[in-house]
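Here is a quick walk through one chain, from its overall build down to a handful of residues. Have the viewer open and follow along.

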Amino acid sequence: MANGVHLICWEASDRFGIGIQIKNLAGIAHKEGEEIVQIDSGYSEEILLPYSLYESLDLNRWRLPSSLSPHGTTVTGQIIHFMESYADVQIPKTGEHYRVIAQTFSGNTRFLIGRGFLRRIRVLLDGVEARTCIWQG
């Protein structure tokens, strides 16, 4: 702790990530503890879930209307139709909770934290120490 700042960190061997837990709005979590989820500053939204996780948490129950869901285009020109639902994110090491819009699309296997979520917290990507930290203070 320096100058009233307290760092909470996770090891980052080759990918920077934060330990989070995803819950549906009924409070059911995707796993018992935290999972280190990769930060992707190229992803503009909050949380991208693997399609299988989206289904296992039954997030369709809290799905936003399809008319509001965005579409994306891959570098090959493929159009992606996102499904969006409300979900809760907890950072177990800090006890912080956030209501987010979680996205997925059919066949997606990536689990990412995007810029939309990062705007809520202060993040330090410490390459020298090979860690990702958030700070409170």
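What share of the 137 residues of the chain counts as buried? The answer is 41%. Keep in mind that this is a predicted model.

**Overall build**

The chain holds two helices and 11 strands. If you read along the sequence, the order is β-β-β-β-α-β-β-β-β-β-α-β-β. The C-alpha atoms fit in a box of roughly 50 × 35 × 20 Å along the principal axes. The radius of gyration is 16 Å, which agrees with the value near 14 Å that a compact globule of 137 residues would have.

How are the contacts spread along the sequence? Take the contacts between residues at least 6 apart in sequence: 62% of them join residues at least 24 apart.

On the outside, the chain exposes about 7700 Å², and carbon and sulfur atoms supply 49% of that area. As for charge, there are 13 positive and 15 negative side chains. The centres of these two sets lie 4 Å apart.

**The disulfide**

The structure has one disulfide, and C9 and C133 are the partners, with their sulfur atoms 2.0 Å apart. This pair ties together distant parts of the chain: C9 sits in strand β1 (residues 6-11) and C133 in strand β11 (residues 131-136), 124 residues apart. Which hand does the disulfide of C9 and C133 have? The torsion about the S-S bond is about 105 degrees, so it is right-handed. C133 has 0% relative accessibility, and because buried means under 20%, C133 counts as buried.

**Two positive phi values**

Most residues other than glycine have a negative phi. With that in mind, look at D58 and A130. Phi of D58 is near 55 degrees, a positive value in a residue that isn't glycine. A130 isn't a glycine either, and its phi is positive at about 55 degrees.

Where do these two sit? D58 is in the loop between α1 (51-56) and β5 (71-73), while A130 is in the loop between β10 (123-126) and β11. D58 also has a long-distance relation worth checking in the viewer: I28 is 30 residues away in sequence, and the C-alpha atoms of D58 and I28 are 9.6 Å apart in space.

**A residue on strand β8**

Now jump to R99, which belongs to strand β8 (residues 96-104). Which residues does R99 touch, leaving out those up to four places away in sequence? They are L25, Y86, A87, D88 and R120. Another distance to try is the one to L64: R99 and L64 are 35 residues apart along the chain, and their C-alpha atoms are separated by 14 Å.

**Exposure side by side**

The table puts the relative accessible areas of the residues discussed above in one place.

| Residue | Relative accessible area | Class |
|---|---|---|
| D58 | 36% | partly exposed |
| A130 | 28% | partly exposed |
| R99 | 46% | partly exposed |
| C133 | 0% | buried |

Why do D58, A130 and R99 count as partly exposed? The class runs between the buried limit, under 20%, and the exposed limit, over 50%. D58 at 36% is therefore partly exposed, and so is A130 at 28%. R99 at 46% is partly exposed for that reason too.

Conventions. Residues numbered from 1 in each chain as written. Predicted model: local features only at pLDDT ≥ 70, side-chain atom pairs only at ≥ 80, totals over all residues. Heavy atoms only, no water. Helix = DSSP H or I, 4+ residues; strand = E, 2+ residues; numbered from the N terminus. Rg over C-alpha atoms; globule rule 2.2 N^0.38 Å. Buried < 20%, exposed > 50% of the residue type's maximum accessible area, 1.4 Å probe, protein only. Contact = heavy atoms within 4.5 Å. Areas by Shrake-Rupley, 256 points an atom, 1.4 Å probe, with all protein chains shown as cover. Lys, Arg positive; Asp, Glu negative; His and termini not counted. Charge placed at Lys NZ, Arg CZ, Asp CG, Glu CD. Disulfide = S-S within 2.5 Å.
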